[in-house]
Structures are given as C-alpha cells and as structure tokens.
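Hi,

Here is the structure I promised to pass on to you. Have a look at it first, and then read my notes underneath.

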Amino acid sequence: MLVSILQDVQSAFQYLPKEALAEVAKKLEIPLTKVYSVATFFKAFSLMPRGRHLISVCMGTACHVRGSDKVLDKIERELSIKHGETTADLRFSLETVNCVGACALGPMVMIDEEYHGQMNAEKVSAVLAKYA
Ligand code: FES
C-alpha cells in the first residue's frame with residue numbers, strides 16, 4: 001500500500017516532495033521515518049526533482065570496453081552535470097546503469113524508453129538535441 005501510494009506521488013510530481021511524504025505518513029498514521037526508508041530503498045523513487053528525460057548510460061562490461069566512459073564524459077560536459085544529477089532547467093537527469101540487455105549494440109544509451117546503440121562522443125549532441 002505504501003509503495004503504491006509513493007508510486008502515485010512519484011508519477012504525479014516526477015519525484016517525492018518532502019511535503020507529500022509528510023502527508024502520506026500523516027494519512028497512513030505511520031512514522032515519517034518509515035515512509036523515508038521505503039522511499040530511499042527503491043531506486044525508482046527520487047527525493048530530488050528529476051528531469052523530463054532520463055538518460056541512462058550503460059557502464060556494463062560490454063559497453064565499457066567499447067568506450068561508454070567517453071560517451072558519459074561527453075554527455076556530462078554537454079549538460080554541465082555529473083551522473084546522478086539533473087540539469088537546472090529540469091530537462092535531463094543523468095544516471096549510469098550496468099546493462100540494459102543490448103550488449104551487442106554497445107555502447108548503449110537509453111533516453112526514457114528509447115535505445116541509442118553504438119553511441120560515441122561525436123553522436124551525443126545530435127541525439128540530445130532530439131529531446132529539446
Ligand atoms: S553491457 Fe551495456 S547493454 Fe549490456
């Protein structure tokens with residue numbers, strides 16, 4: 001029940017605002033610490049505002065040996081953020097993942113639900129521009 005409520009809040013705000021967590025704790029009559037422990041346990045939940053688009057750069061072995069670190073570096077420089085962060089305009093959040101199951105097409109970058117295979121640093125600007 002708590003998880004599904006938090007999913008609803010996350011989907012409404014794209015993150016879990018602290019005021020909403022306090023409201024959930026109050027309505028369910030459970031300690032706020034319990035709400036936070038669930039909110040921080042699941043990676044799908046975020047306590048910070050997230051960008052409209054989530055960029056996931058695969059750093060799994062197959063992608064890493066094909067240069068995903070250079071792709072990540074280019075995206076970080078292009079957006080002026082590090083992985084784990086969100087751009088100030090809330091356009092993008094950037095994260096790393098360990099495998100998205102498409103190793104043969106690495107380096108893989110996912111943006112929202114879309115796969116971008118055989119990425120390299122030169123392609124980054126053009127791909128990001130599609131999400132303006
Ligand atoms: S290691 Fe990147 S998709 Fe599998």
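Glu 78 has a relative accessibility of 36%, and because buried means under 20% and exposed means over 50%, Glu 78 counts as partly exposed. Before you go further, keep in mind that this is a predicted model. The side chain of Glu 78 forms a salt bridge with that of Lys 74, at 3.5 Å from N to O. Both residues sit in helix 5 (residues 68-79), and they are about one helical turn apart because four residues separate them along the helix.

There are four salt bridges in the structure, so let me go through some others. Glu 76 and Lys 82 also meet through their side chains, with 3.8 Å from N to O. Is Glu 76 buried or exposed? With a relative accessibility of just 10%, Glu 76 counts as buried.

Another salt bridge links Glu 23 to Lys 27, and here the N to O distance is 3.1 Å. You'll find both of them in helix 2 (residues 18-28), four residues apart, or about one turn of the helix. How open are these two to the outside? Glu 23 is partly exposed at 37% relative accessibility, whereas Lys 27, at 63%, counts as exposed.

While you're in helix 2, take a look at Leu 28, which belongs to that helix too. Its relative accessible area is 26%, so Leu 28 is partly exposed. Which residues does Leu 28 touch, leaving aside its neighbours within four places in sequence? They are Met 1, Leu 2 and Ile 5. Met 1 is 27 residues away from Leu 28 along the chain, yet their C-alpha atoms are separated by 9.5 Å.

Now for the strands. Strand 1 (residues 53-58) and strand 2 run parallel, and six bridges join them. As one example, Leu 54 has Ser 93 in strand 2 as its bridge partner. Strand 2 covers residues 92-97, and five of its six residues are buried, so the rest of the structure largely encloses this strand.

Finally, the overall layout. The domain assignment splits the protein chain into domain 1 (2-41) and domain 2 (53-129). If you take the centres over C-alpha atoms, domain 1 and domain 2 are 29 Å apart.

That's it from me. Have fun exploring!

Cheers

How values were computed
Residues are numbered from 1 along each chain as its sequence is written. This is a predicted model: local features need pLDDT of at least 70, side-chain atom pairs count only at pLDDT 80 or more; totals for chains, interfaces and linings use all residues. Side-chain values use heavy atoms; hydrogens and water are left out. Buried means under 20% relative accessible area, exposed over 50%, partly exposed in between (1.4 Å probe, protein chains only). Helices (H or I, at least four residues) and strands (E, at least two) are DSSP runs, numbered from the N terminus. Two strands pair if DSSP finds at least two bridges between them. Domain bounds come from an automatic or database domain assignment. Contact means heavy atoms within 4.5 Å.
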